[in-house]
Amino acid sequence: MIKEVAKDIYTFPVTLPNNPLKALNLYVVKGKDRTVVFDTGFNAEASREDLLNGLKALDVSIEEVEVVLTHLHSDHVGLVNLFADAGCKIYAGEVDGQLINEMVTREYWDALEALIPLYGMEEDELITDENPGYKHRLKKTIDYIELEIGKYFNVGDYHFEILDLSGHTPGHLGFYDKDKKILLSADTILDPITPNITFWGFEYPDILNTYIETLRSLKNLEIDLALATHRKIITNPHERMDDLILHHNERLQEILDAMDFDREYTVREISANISWRIRADNWDEFPRAQKWFAAGETMAHLHHLANTDCVRMEKGEGPLKFIKLKEQIVPFNKESMEDVKSL
């Protein structure tokens with residue numbers, strides 16, 4: 001269960017019940033003067049049991065650790081109140097830290113629910129109470145120490161530079177030790193699944209492009225090991241980042257191919273007519289909770305296509321409408337587009 005992935009860095013799985021992600025890879029970095037836990041798991045009993053059992057196996061008590069929250073999603077922050085109530089120091093970034101506390105309120109979730117008619121998804125009857133992020137969120141706000149991008153977070157022999165890995169969430173953080181060539185990448189680089197890149201609102205311009213720029217910046221770093229918080233620990237991070245960029249080129253092209261010229265489309269119509277790696281034969285059979293994520297990801301890609309003049313986005317009364325303008329996407333790089341055409 002417990003695995004030492006590098007000197008003094010340990011990981012163990014924390015169950016995410018009834019969720020396609022299955023588990024969170026929780027990381028514990030042990031130093032002489034401090035022990036730091038990165039992320040927590042859902043606010044759910046199965047997650048809580050795994051968390052406590054893992055810490056016990058490492059001979060670590062809750063009271064003696066510090067906690068870093070890499071980003072706002074409930075599978076990463078849901079159990080943070082457990083540590084806050086024990087008097088632990090909690091760390092979070094400026095952007096996602098604020099959003100983590102807003103997630104406690106119903107107003108935060110009502111704002112997300114307001115996207116349902118924008119996407120044209122009223123008939124899907126999405127219910128906030130069924131959203132796993134809502135069900136397993138933290139239950140009360142926390143006091144946290146704000147982490148500053150570009151500064152260092154030191155634990156034992158590790159000197160982690162705090163990186164801005166925005167994209168998967170508006171304020172996702174990463175932690176990079178240049179000498180050891182280790183990146184705690186959380187949900188920015190995953191394998192074999194791909195991180196969900198969703199639409200967060202028009203106040204975050206082209207979040208898909210933000211994510212790709214994050215990957216490009218990481219490709220300039222020497223990284224031998226990327227500590228992902230779901231599925232595999234990644235030993236070929238640069239190759240995997242290329243795969244992720246290619247995936248989004250393919251996804252953008254698939255969306256364009258699903259559209260005819262001179263016809264308006266809603267987010268829902270496009271979501272229902274592109275491929276998804278999920279156990280459902282068609283859109284109607286999708287679990288309702290997963291429709292949230294599918295529609296949000298479709299919208300993020302359509303927003304990028306609008307920003308690159310491949311589609312026109314029309315705002316008015318009712319759902320957003322998208323009209324195809326070009327046959328081919330503007331690729332994130334030529335190599336990726338050549339690969340797409342060769343498939």
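The following dialogue explains how charged and buried residues may be read in this predicted model.

Reader: How many salt bridges does a search of the whole structure find?

Author: The general idea comes before the count. Side chains of opposite charge can pair when their charged atoms come close. In this structure, the search yields 21 salt bridges.

Reader: Which residue forms a salt bridge with R240, and where do the two partners lie?

Author: The partner of R240 is D191, and their closest N and O atoms are 3.7 Å apart. This pair links distant parts of the chain, with the two positions 49 residues apart in numbering. R240 belongs to helix α9, while D191 lies in the loop between β11 (182-186) and α8 (207-219).

Reader: Are R240 and D191 buried or exposed?

Author: Both R240 and D191 are buried. The word is used for a relative accessible area under 20%.

Reader: What separates E254 and R251 in helix α9?

Author: E254 and R251 are separated by about one helical turn, because they stand three residues apart in helix α9. They form a salt bridge whose closest N and O atoms are 2.7 Å apart. As for burial, R251 has 7% relative accessibility and therefore counts as buried. E254, at 24%, counts as partly exposed.

Reader: Which residue does the side chain of K324 meet in a salt bridge?

Author: K324 meets E327, with an N to O distance of 3.3 Å. K324 is buried, its relative accessible area being 5%, whereas E327 is partly exposed at 43% relative accessibility. Elsewhere, salt bridges may share partners: E123, D124, R268 and K291 are joined in this way into one network.

Reader: Which residues gather in a patch of positive charge on the surface?

Author: A patch is built from residues that have no salt bridge and over 30% relative accessible area. Here the positive patch consists of K22, R231, R277 and R279. R231 may serve as an example: this residue is found in the loop between β12 (225-228) and α9 (237-257). Its relative accessibility is 31%, so R231 counts as partly exposed.

Reader: How many disulfides does a search of the whole structure find?

Author: A disulfide requires two cysteine sulfur atoms within 2.5 Å of each other. The search of the whole structure finds zero disulfides.

Reader: Are C88 and C310 buried or exposed?

Author: C88 is buried, with a relative accessible area of 10%. C310 is likewise buried, and the value for this residue is 0%.

Note on methods:
Residues are numbered from 1 along each chain as its sequence is written. This is a predicted model: local features need pLDDT of at least 70, side-chain atom pairs count only at pLDDT 80 or more; totals for chains, interfaces and linings use all residues. Side-chain values use heavy atoms; hydrogens and water are left out. Buried means under 20% relative accessible area, exposed over 50%, partly exposed in between (1.4 Å probe, protein chains only). Patches are made of residues with over 30% relative accessible area and no salt bridge: like charges are joined within 9 Å, nonpolar side chains (Val, Leu, Ile, Met, Phe, Trp, Tyr) within 5 Å. Accessible areas come from the Shrake-Rupley method with a 1.4 Å probe; for residues, only the protein chains shown count as cover. A salt bridge is a side-chain nitrogen of Lys or Arg within 4 Å of a carboxyl oxygen of Asp or Glu. Lys and Arg count as positive and Asp and Glu as negative; His and the chain ends are not counted. The place of a charge is taken as NZ of Lys, CZ of Arg, CG of Asp or CD of Glu. Helices (H or I, at least four residues) and strands (E, at least two) are DSSP runs, numbered from the N terminus.
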